[in-house]
Amino acid sequence: MTMRWGYVGLLCLLWVGCGHRSKGDNGGSGLTMTPADAELSVMNGQPASLIYQVMLDGTDVTLKSTFSVDNTGMGTFSGAIFTTLPAAVGKTVVHATVNGQTAATSLTVRATTVIVADGAPANSPSLFGGADDPSRAPEAVYPPEGALVPPNLNQLEFQFKPAGATLFELAIASVALDLRIYFLCHPLSSGCTFSPDGATWKLLGQAGRNGTLTWTLRGSSAQGGGVGKSAAQHLSFPAEEMAGGIYYWAAAAGGIYRYDFGLNGQSGEPFYTPKQAGGGSCVGCHTLSRDGKRIAVGIDAPTPSKMRALDVATRTKLFEVGGFMGGSNYEALSSDGKWLITTEGGGLTLRDTATGKLATAVPAVDNANMPDFSPDGSQVVFSRGDSNCTLGFCMTLSVKNAGLWVTAFTGNGFGAPQSLVTGGNNYYPSFSPDGKFVLFNRSTGDSYDSPSATVMIVSATGGSPIDLASVNTKTGNSWPKWSPFVHHFGTSTILWLTFSSRRNLGLRANSKAQLWMVPVDVETLAQGKDPGYPPFWLPFQDPSTGNHIAQWVAKVERAPCSQIDQSGCMPNEDCVDGMCVPKIQ
């Protein structure tokens, strides 16, 4: 979407204080930097500059100093001159170093931005001065109130019901940001939607980093008149960006797709399709090592499926097992990809991932399904339900009346299983990235595509499971998986999880399984409580297709390539800096 920037930018510099001493300063000696705790005001993304001076025991050493800024998205230094970037907003720390000594001081950039979107009247900002008119007050629908999202989510729809208004102002504010966007209704079902462009989203991610934005909608018309205002909503961001990637089953395509959080402006990309697998009908269930280097996939009908292990970067086959009436439906890879646990023979079987060589009997642990390694590789959690084997044939696609069990991993085998969770049907267990919790599904019936599936969490040492009520307001939430990262929001430690759900996306009616994400507060979990954050939709998906089994990795491994002839890349990829990346969409 193309947008018009409103009003000419102005520059305002506010110098505050006269210096900041480095640690170890003593009574008038040492390194100082001015201006200290400075503030810059910028309008409409226009660059603003600030000149720093560094003194060492009364001598100007500015020209000998090296300058840096903690948040490189805020701006850059040329000598002692700091200049803001277009998305600069918020607070950061500036450093000056000379002769082994360092001084530091804060810098706050306050941004005021006005945007008039395509189609809206150029004088839109002047049309919102009328008297209060509740009949024109928009009703916010999405994102959900109180959502916490990664700063680099990159896309987010603001959905609302317009009431009697036809022209709208979206105001987003924090202590450092005053953003106002004017736009017309983009119809969506019974309401309207608006999506900020990439540059605006980057501004929001900077302004909200480790904090909360307040957003409101006001309604008017191209003729002016009365103005209605929505209730205030809140959107928060953690301190860190999301990294790594997600590999998921795109059911309509019958293959594995992936999304790389390190690449902006991309949708899900095909990774391993039936054609790549050799013409099979489907590539579905899959698991990856946490480092992202190895993957195991199921091919064709899960009776059980033929299972194939691959090197992720090159998609080279390492080995495969099974076929009709044999194979493995569920697998687990150790964090480093060295070991692969299959469910051959209806239980846990251990293989060397590089060669496929058996390390245990088939199986070594009977009646064990849906395994997952702990991050440190010391434990394996699995689901154990009603017996699923008849005359040596084991159907492991689903479980009934299953509990969760934990067994020690000895390095080349398994210890004696210990019960972790009982009651109901419990399945799809997954260890948290810190190893302290186990995420799982619980349903009242068979696990396969259960409409009653809820998302639960239990301590890895046992205890009462926690019902994530904020997620389970609608049931049918399947395949919960943890992101491998530990983040922070204020004083809280945050973990992230994803799940598949057929719930509506705000005003968008939905009948397809889509991937949703939700943060959880570790300290609240430790108290046995639901942290209460609402889930949000992951926007890289096609909402018209069904997506399942979001398996996370710490890094998306990509094939090396030659930029001369593009060798090594798939048809949907380009060779950039010697690596295959998705074509720009």
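User: How many cavities does a search of the whole structure find, and what makes them cavities?

Analyst: Two of 30 Å³ or more turn up in this predicted model. On a 1 Å grid over the protein atoms alone, a cavity is a set of points where a 1.4 Å probe fits but cannot get out, so that is why both carry the name. As this is a predicted model, local features need pLDDT of at least 70 and side-chain atom pairs count only at pLDDT 80 or more, while totals for chains, interfaces and linings use all residues. Residues are numbered from 1 along each chain as its sequence is written, and side-chain values use heavy atoms, with hydrogens and water left out.

User: What volume does the largest cavity have, and what is meant by volume?

Analyst: The largest cavity comes to about 330 Å³, and the second largest to about 40 Å³. A volume is the space filled by probe spheres set on the grid points, which are joined across faces, edges and corners.

User: Which residues lie nearest the centre of the largest cavity, and what makes a residue part of the lining?

Analyst: Lining residues have an atom within 4 Å of a point. For the largest cavity 26 residues line it, and Thr 287, Leu 288, Asp 372, Lys 481 and Gln 551 lie nearest its centre. Elements that give two or more residues to this lining include β26 (283–288), β43 (478–482) and β48 (547–553); strands are DSSP E runs of at least two residues, numbered from the N terminus.

User: What classes of residue line the second largest cavity?

Analyst: Six are nonpolar, five are polar and none is charged. Ala, Val, Leu, Ile, Met, Phe, Trp, Tyr, Cys and Pro count as nonpolar, Asp, Glu, Lys and Arg as charged, and the others, Gly among them, as polar. Therefore Val 42 and Pro 86 in this lining go with the nonpolar class, and Asn 44 and Gly 45 with the polar one.

User: Why is strand β45 called mostly covered?

Analyst: Buried means under 20% relative accessible area with a 1.4 Å probe, protein chains only. Ten of the ten residues of β45 (492–501) are buried, so the description fits. Both faces take part: Trp 496 is among the buried residues on one side, and Phe 499 among those on the other.

User: How do you know that β45 pairs with β46?

Analyst: Two strands pair if DSSP finds at least two bridges between them. Eight bridges join β45 to β46 (residues 514–521), so they pair, and they run antiparallel. Ser 501 has Gln 514 of β46 as its bridge partner.

Methods:
On a 1 Å grid over the protein atoms alone, a cavity is a set of points where a 1.4 Å probe fits but cannot get out, and a pocket is an open set with protein on both sides within 12 Å along at least five of seven lines; lining residues have an atom within 4 Å of a point. Helices (H or I, at least four residues) and strands (E, at least two) are DSSP runs, numbered from the N terminus. Buried means under 20% relative accessible area, exposed over 50%, partly exposed in between (1.4 Å probe, protein chains only).
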